[in-house]
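Subject: Handover of a structure model

Dear colleague,

Please find below the structure that I am passing on to you. A summary of what was found in it follows.

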Amino acid sequence: MRFRFAKLASHAVFASAIVCLAAAATAAEPIKIGVSGPFTGGSSSMGVSMRDGVKLAVEEINKAGGVMGRQLQTVERDDEAKNERGVQIAQELINKEKVTATVGFINTGVALASQRFYQEAKIPVMNNVATGSVITHQFDDQPANYIFRNAANDSIQAPMIVEEAVARRGYKKVAILADSTNYGQLGREDLEKALATKGIKPVAVEKFNIKDVDMTAQLLKAKEAGAEAVLTYGIGPELAQIANGMTKLGWKVPIIGSWTLSMANFIDNAGPGGDGARMPQTFIQEPTTPKRQSFIISYLKTFNPKNARIDSPVSAAQGYDSVYLLAAAITQANSTDGAKIKAALEDLKTPVTGVVTTYNKPFTAKDHEAITANIPVFGEVKGQRVIYAYPDDFKKASEVRLKEAKK
């Protein structure tokens, strides 16, 4: 009898040990974060820069001990800037990879097509580049919203562009050139609304397609209409064709557009014809704060980009910050449950020091936008780089611009 009890006890100890080992193994499992963006093709300047910013943040967090004692693990997928590919990736990351959250989305159309799957699965999405105004409002009719953003949306950028063209620089005759994607056409609508508040109607509104290489027809219509400036909403390679088309026509008027004018494939493909182009920026590659300095040094050392220039500084910085925001929420929630992470994001207790800004209560249940209109400044292409367009902004760049409270 004694032997039987001893045997049973040893089995119990063994079973208990197995349970403990299994629990330890589970506790040590990495926390998977999806990273979705275009890493090839015309949008890749943004996608790769975003991905690399994410990698830097993940490496730093893991070296510091991870989150809840677990390492972060990125699951990267190239959506090729295609809506249907984005949908496939979303389903794969949710059902096969079992991601806790996802970051990314460069293209507005891909975001709008894909993020509904995360919404249904109650998995938080941190849009760190895509700017279509509707992105964080796609599910306003639902009781809970899992879509967040730490990029300057088009409702911020379009009025900034119009303010720069009309109020600051005095142009009354402006043309709009926008690509045919969701991004371009939603941006065009925002530009027209912003112009209407100034009592101005564009003298020409022209559309172009992705991969178009000749903008002569659109530019001639703008020129013949007497446009004093061209306002743009599109992606880098096609924007370069606008600058090149102006050079070809011998017609040079200012190009003022959305933040994508800062992409390397605009700057490099446009050459000297791109100089002077201006665009809103949440981050310009200048070491104006200790955080920005360390980020730039780490990025250049790790990825060694051409000419020591980040291909898309905004994408890299926002990608980096998006991971720290999620990490803070997971830590506060002390859980990888989507609903708990969402709740933590909506009420972050501790400020998160980022590259773009310091995120102090960046979100609420009714406001999933971390960036307000006071944060971006104007950048200008000069000598194959983006610099501060206004010296005063550069002088004050060490003063971190914080999110404005909603009135």
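Which residue with a positive phi follows helix 6? In this predicted model, that residue is Gly-199, with a phi near 75 degrees.

Helix 6 itself deserves a fuller description. The helix covers residues 182-197. Its 16 residues should span 22 Å at 1.5 Å a residue, and the C-alpha atoms at its ends lie 23 Å apart, which agrees with that expectation. Its buried residues are Tyr-183, Gly-184, Gln-185, Gly-187, Arg-188, Asp-190, Leu-191, Ala-194 and Leu-195. These buried positions pack against two helices, helix 4 and helix 5 (154-168), and against strand 6 (174-179), strand 7 (204-208) and strand 8 (229-233).

The packing with helix 4 (residues 108-121) can be described in detail. The axes of helix 4 and helix 6 come within 7 Å and cross at roughly 105 degrees. Angles from 65 to 115 degrees count as roughly perpendicular, and the two helices are therefore roughly perpendicular to each other. Helix 4 contributes Thr-108, Gly-109 and Leu-112 to the contact, while helix 6 contributes Asn-182, Tyr-183 and Leu-186. By class, the residues of this contact comprise three nonpolar, three polar and no charged.

I turn next to the sheet. Five strands form an open sheet in the order 2-1-3-4-5, and their pairing is parallel. Strand 2 (72-78) and strand 5 (147-149) are the edge strands, each pairing on one side only. From one strand to the next, the twist averages 25 degrees. Within this arrangement, strand 1 (residues 31-37) and strand 3 (residues 101-104) run parallel and are joined by four bridges. Gly-34 has Thr-102 of strand 3 as its bridge partner. Helix 2 (residues 44-63) packs on the sheet and touches strand 1, strand 2 and strand 3. The direction of helix 2 makes about 170 degrees with that of strand 2.

There is also a hairpin to report. Strand 13 (residues 377-382) pairs with strand 14 (residues 385-388) in the antiparallel sense, over four bridges. One of the bridge partners in strand 14 is Ile-387, which is matched with Glu-380. Two residues lie between the strands of this hairpin, and Gly-383 in the turn has a positive phi of about 60 degrees.

Yours sincerely,

A colleague

Methods: Residues numbered from 1 in each chain as written. Predicted model: local features only at pLDDT ≥ 70, side-chain atom pairs only at ≥ 80, totals over all residues. Heavy atoms only, no water. Pairing = 2+ DSSP bridges. Axes fitted to C-alpha atoms, helices over the stretch in contact; angles between N-to-C directions. Parallel < 35°, antiparallel > 145°, perpendicular 65-115°, else oblique. Contact = heavy atoms within 4.5 Å. Nonpolar A, V, L, I, M, F, W, Y, C, P; charged D, E, K, R; others polar. Expected span 1.5 Å × (residues − 1). Buried < 20%, exposed > 50% of the residue type's maximum accessible area, 1.4 Å probe, protein only.
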